[in-house]
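Subject: A structure for you to look at

Hi there,

Here is the structure I promised to pass on to you. Please open it first, and then read my notes below with the model next to you.

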Amino acid sequence: METTSTLSQELLRAVAAEPEIAEKVQALVETMEGVIRSKQDAGEFAGLEQLAEDGRVMRFVADTLNKLPEAVTYSDKGFEAYVMLVALSREDAALRYVFRLSS
């Protein structure tokens with residue numbers, strides 16, 4: 001699958017070290033890329049809530065995003081979709097990412 005967003009590419013690169021969740025992360029990335037390509041409002045995409053419920057995957061996603069050298073900005077493709085996904089998560093790492101974005 002060809003990814004269009006840097007955030008998706010980062011997740012796919014990082015998940016190589018986590019084979020036990022690779023399939024779930026791949027499915028998450030495919031869904032996120034669908035949201036990004038369709039230009040659908042991420043806030044109206046009901047599937048994001050279900051994706052955000054998997055604690056282990058969301059910890060991985062948030063930890064990966066937190067490790068990026070710079071926080072992503074609105075100009076990054078996929079920013080809105082990934083921020084909405086992280087905001088729906090109950091994981092501490094996701095909250096740290098939201099705080100990082102606000103600073």
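**What I found**

Of the protein's 103 residues, 38% count as buried; buried means under 20% relative accessible area, exposed means over 50%, and partly exposed lies in between (1.4 Å probe, protein chains only). Before you go further, please note that this is a predicted model, in which local features need pLDDT of at least 70 and side-chain atom pairs count only at pLDDT 80 or more, while totals for chains, interfaces and linings use all residues. Residues are numbered from 1 along each chain as its sequence is written, and side-chain values use heavy atoms, with hydrogens and water left out.

**The overall picture**

The protein has six helices and zero strands, so defined as DSSP runs numbered from the N terminus (helices are H or I with at least four residues, strands are E with at least two). Read from the N terminus, the order is α-α-α-α-α-α. Among the contacts with a separation of 6 or more, 75% are between residues 24 or more positions apart; a contact means heavy atoms within 4.5 Å. About 6,100 Å² of the protein is exposed, and carbon and sulfur atoms supply 49% of that area. These areas come from the Shrake-Rupley method with a 1.4 Å probe, and for residues only the protein chains shown count as cover.

**Helix H2 and its buried face**

Helix H2 covers residues 22–38, which makes 17 residues. From its first C-alpha to its last it reaches 24 Å, close to the 24 Å expected at 1.5 Å a residue (the expected span is 1.5 Å times one less than the number of residues). Which residues of H2 are buried? They are Val-25, Leu-28, Val-29, Met-32, Glu-33, Val-35 and Ile-36. Seen down the axis of H2, these buried residues fall within an arc of 155°, so they line one face of the helix; the arc is that of the directions from the helix axis to the C-beta atoms. It helps to remember that an α-helix has 3.6 residues a turn, so residues three or four places apart point the same way. The cover over the buried residues of H2 includes helix H1 (6–14), helix H3 (47–52), helix H4 (55–67) and helix H5 (79–88). Just after H2 comes Lys-39, which has a positive phi, near 55°.

**The core**

The largest nonpolar core contains 27 residues. Such a core is a set of buried Ala, Val, Leu, Ile, Met, Phe, Trp, Tyr and Cys residues joined through side-chain atoms within 4.5 Å. Those with the most contacts inside this core are Leu-11, Val-25, Leu-28, Met-32, Val-61, Tyr-82 and Leu-85. Two or more residues come from each of H1, H2, H3, H4, H5 and helix H6 (92–102).

Try clicking on Leu-11: leaving out residues up to four places away in sequence, it touches Val-25, Leu-28, Val-29, Phe-60, Val-61, Thr-64 and Tyr-82. Thr-64 belongs to helix H4 and is buried, with a relative accessible area of 10%. Apart from neighbours within four places in sequence, Thr-64 contacts Glu-10, Leu-11 and Ala-14.

In H5, the buried residues are Phe-79, Ala-81, Tyr-82, Leu-85 and Val-86. Their cover includes H1, H2, H3, H4 and H6. Phe-79 has 15% relative accessibility, and its C-alpha is 8.5 Å from that of Ser-5, although the two are 74 residues apart along the chain.

**Salt bridges**

How many salt bridges are there in the whole structure? The search finds six, where a salt bridge is a side-chain nitrogen of Lys or Arg within 4 Å of a carboxyl oxygen of Asp or Glu. Here are three to find:

- Arg-13 and Glu-10 meet at 3.1 Å, N to O. They are three residues apart in helix H1, about one helical turn. Arg-13 is exposed at 53%, whereas Glu-10 is partly exposed at 23%.
- Lys-24 and Asp-54 meet at 3.2 Å, N to O. Lys-24 lies in H2 and Asp-54 in the loop between H3 and H4, so the pair ties together parts 30 residues apart in sequence.
- Asp-63 and Arg-96 meet at 3.8 Å, N to O. This pair links helix H4 with helix H6, 33 residues apart. Asp-63 is partly exposed at 29%, and Arg-96 is partly exposed at 47%.

Enjoy exploring!

Best wishes
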